[in-house]
Amino acid sequence: MRQITAKLHRDLPPTPLWACGGSVPGPTIEARTGEPITVEWVNALPRRHFLPIDHTLHGAEAGKPEVRTVIHVHGAKAPPESDGWPEDWYTPGKSAAYSYPNRQDAAMLWYHDHAMGINRLNIYAGLFGLYILRDEFEDGLNLPAGRFEIPLVLADRFLLRDGSLEYPVSDHPGSPWVPEVFGNAMLVNGRLFPYLDVEPRKYRLRMLNASNGRFYQPSLSNDQKFFLIGTDQGLLPAPVEIPNFMFAPGERVDLVVDFRDHAGETILLRSGPFELMQFRVARGRVDDPSSLPRTLRPIEKILASSAIRTRTHVIREYMNRAGESMGMLLNGAHWAMPVTEDPLLDSTEIWSIVNPTDDSHPIHLHLVRFQLLDRQRFEGELFNLTGRVRLGGPLEPPEPSESGWKDTIRAHGNMITRFIVKFEGFPGRYVWHCHVLEHEDNEMMRPFVVRRS
Ligand code: C2O
Ligand code: CU
Ligand code: CU
């Protein structure tokens with residue numbers, strides 16, 4: 001991790017960034033299931049931060065070193081001592097050697113900073129990258145690979161004319177924290193309005209939303225559909241054709257797109273009114289030996305009846321008298337309060353997220369993968385006033401793009417979102433949190449402990 005400058009667009013002056021391995025996103029780690037690796041994450045950053053630290057946030061008090069980092073691999077089933085516990089940060093000149101057993105299915109994971117109280121700033125500065133895990137089963141499917149497999153990391157930033165990054169601040173000097181950040185530049189793989197020359201054939205596009213707070217709804221300008229083949233934690237049982245999908249910070253979506261019938265066209269990848277990038281399809285015809293199999297990887301449904309316990313979690317948002325958000329908490333609990341989530345190793349639980357706020361919060365658990373059961377509308381306002389749950393609609397099944405293995409799930413406003421999770425892997429201390437980084441840094445994050453007995 002060190003300071004670099006990078007050209008984000010031909011017409012912009014270079015931008016100072018913090019990078020893993022010299023680029024933003026950092027180098028993609030390619031790993032294989034069953035082959036453990038060790039990464040030494042070295043903090044070679046300057047001693048001063050270039051983004052506005054809020055010293056009123058827990059863990060970022062004045063007196064703590066300004067520059068602190070600790071890396072977490074999002075989606076990895078890693079032992080607790082290698083998971084990137086937010087308080088295990090270290091300062092410039094230090095490093096941590098973390099080991100990743102890679103005992104899990106092929107999936108696109110990603111690494112990013114997780115330092116308590118400044119995580120949103122460190123990731124915004126550029127400390128993130130991909131970690132692609134592959135396995136034999138996936139190799140056997142003959143999906144588009146090599147230069148026909150394109151990871152797309154979406155991360156918006158606020159850029160000034162001089163090319164520098166701006167991180168917005170509140171109107172309150174002394175407590176600059178803001179509840180969310182939306183940039184003016186939709187960067188794709190660290191570039192503004194990039195294009196990709198493609199051949200008229202199939203491509204595998206692997207998308208990650210690495211933004212602090214922006215949700216995207218990607219679609220193609222020619223109304224061509226995507227074949228959805230996977231979610232956060234790997235492949236779906238079968239491809240599903242979808243025109244677009246929503247995804248929140250932390251989520252991944254695995255797609256196949258066929259440009260065969262579009263030789264010579266320029267196709268935009270968009271999200272709502274925003275243009276993200278172009279695909280410039282070459283003319284003519286090419287051989288496409290890759291396949292899009294009818295079936296992919298079977299997923300065994302975790303039966304609700306196998307859950308030994310249901311935990312209900314309530315999202316609370318706190319406002320000041322001016323109606324400004326002062327932050328959100330999970331179950332009204334601060335980070336440092338005693339552990340309340342203590343699942344038994346190898347047991348299955350249902351987590352029910354009651355979200356009476358108006359916003360969708362992407363809830364992420366470390367260590368585990370899970371399955372979304374359903375969502376149901378309820379009256380948030382009434383709940384906030386009286387604590388009563390009045391349901392207001394049918395049980396809604398998962399959207400296709402969240403129907404597979406997940407590690408991050410959107411808990412929509414005024415809805416109860418239920419997922420089922422088996423706490424496999426390792427006993428020990430992990431975290432769960434909202435992946436809107438501004439929320440996470442302001443204590444919408446809690447520990448959980450996987451117990452041996
Ligand atoms: Cu993307 Cu706590 O993680
Ligand atoms: Cu994670
Ligand atoms: Cu949130």
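## Loops, cores, copper sites and a strand pair in a predicted model

Asn189 sits in the loop that connects strand E11 (185-188) with strand E12 (191-192). In this predicted model, Asn189 has a positive phi of about 50°, although it is not a glycine. To see what makes that worth a second look, it helps to know that most residues other than glycine have a negative phi, and that most peptide bonds are trans. Asn189 is also partly exposed, with a relative accessible area of 29%.

A second asparagine has a positive phi as well: for Asn102 the angle is about 55°, and this residue is not a glycine either. Asn102 belongs to the loop between strand E6 (95-100) and strand E7 (107-113). Is Asn102 buried or exposed? With a relative accessible area of 2%, Asn102 is buried, because the cut-off for that word is under 20%. Asn189, at 29%, is above that cut-off and therefore counts as partly exposed, the class between buried and exposed.

The backbone also holds a cis peptide bond, which runs from Val24 to Pro25 and has an omega near -10°. Pro25 is part of the loop between strand E2 (15-19) and strand E3 (26-32).

How far can these details be trusted by the predictor's own score? The average pLDDT of the chain is 97, and 100% of the residues score at least 70. Confidence is lowest in strand E22 (residues 325-330), where the mean is 95, and highest in E5, where it is 99.

Attention now turns to the interior. The largest nonpolar core consists of 60 residues, and those with the most contacts inside it are Met1, Trp41, Val73, Tyr100, Tyr111, Phe128 and Tyr131. A second core, separate from that one, has 28 residues, including Leu205, Tyr216, Phe245 and Phe279. The surroundings of Tyr131 give a closer view of the largest core. Setting aside neighbours within four places in sequence, the contacts of Tyr131 include Val73, Tyr100 and Tyr111, three residues that are also named among those with the most contacts in the core. Asn102, the buried loop residue described above, is another contact of Tyr131, as are Ile29, Ala31 and Ile37.

Two copper sites come next. Which residues hold the copper ion (ligand 3)? Its donors are His361 (ND1), Cys434 (SG) and His439 (ND1), at 2.0 to 2.1 Å. Along the chain, these donors follow the spacing H-x72-C-x4-H. His361 is in strand E24 (residues 361-365) and His439 is in helix H4 (residues 437-441), so this pair ties together parts that lie 78 residues apart in sequence. The donors can also be described by their accessibility: His361 is buried at 0%, Cys434 is buried with a relative accessible area of 0%, and His439 is buried at 3%.

The copper ion (ligand 2) has two protein donors, His72 (NE2) and His364 (NE2), which lie 1.9 Å from the ion. This pair joins distant parts of the chain, with His72 in strand E5 (residues 71-74) and His364 in strand E24, 292 residues apart. Both of these histidines are buried. Strand E24 thus appears at each of the two sites, through His361 in one and His364 in the other.

Cysteine offers a further small point. The structure holds zero disulfides. Cys20 is buried, with a relative accessible area of 5%, and Cys434 has its sulfur atom, SG, among the donors of the copper ion (ligand 3).

The last region to describe is built around strand E25 (residues 370-378). Seven of the nine residues of E25 are buried, so the strand is largely enclosed by the rest of the structure. What joins E25 to E28? Seven bridges do, and the two strands run antiparallel. One of the partnerships is that of Phe370 with Val421 in E28. E25 is also joined to strand E26 (residues 391-396), by three bridges and again in an antiparallel arrangement; there Phe378 stands opposite Leu391.

Arg418 shows the pairing with E28 from the side of a single residue. Arg418 is located in strand E28 (residues 415-422), and its C-alpha atom is separated by 5.5 Å from that of Asp374, although the two residues are 44 apart along the chain. Beyond residues up to four places away in sequence, Arg418 touches Gln371, Leu372, Leu373 and Asp374, together with Ile350, Trp351 and Ser352. With a relative accessible area of 28%, Arg418 is partly exposed.

Methods: Residues numbered from 1 in each chain as written. Chains lettered and ligands numbered in written order. Predicted model: local features only at pLDDT ≥ 70, side-chain atom pairs only at ≥ 80, totals over all residues. Heavy atoms only, no water. Helix = DSSP H or I, 4+ residues; strand = E, 2+ residues; numbered from the N terminus. Buried < 20%, exposed > 50% of the residue type's maximum accessible area, 1.4 Å probe, protein only. Contact = heavy atoms within 4.5 Å. Donors = N, O, S within 2.8 Å, 3.2 Å for Na, K, Ca; no water. Core = buried A, V, L, I, M, F, W, Y, C linked by side-chain atoms within 4.5 Å. Disulfide = S-S within 2.5 Å. Pairing = 2+ DSSP bridges. pLDDT = per-residue confidence, 0-100.
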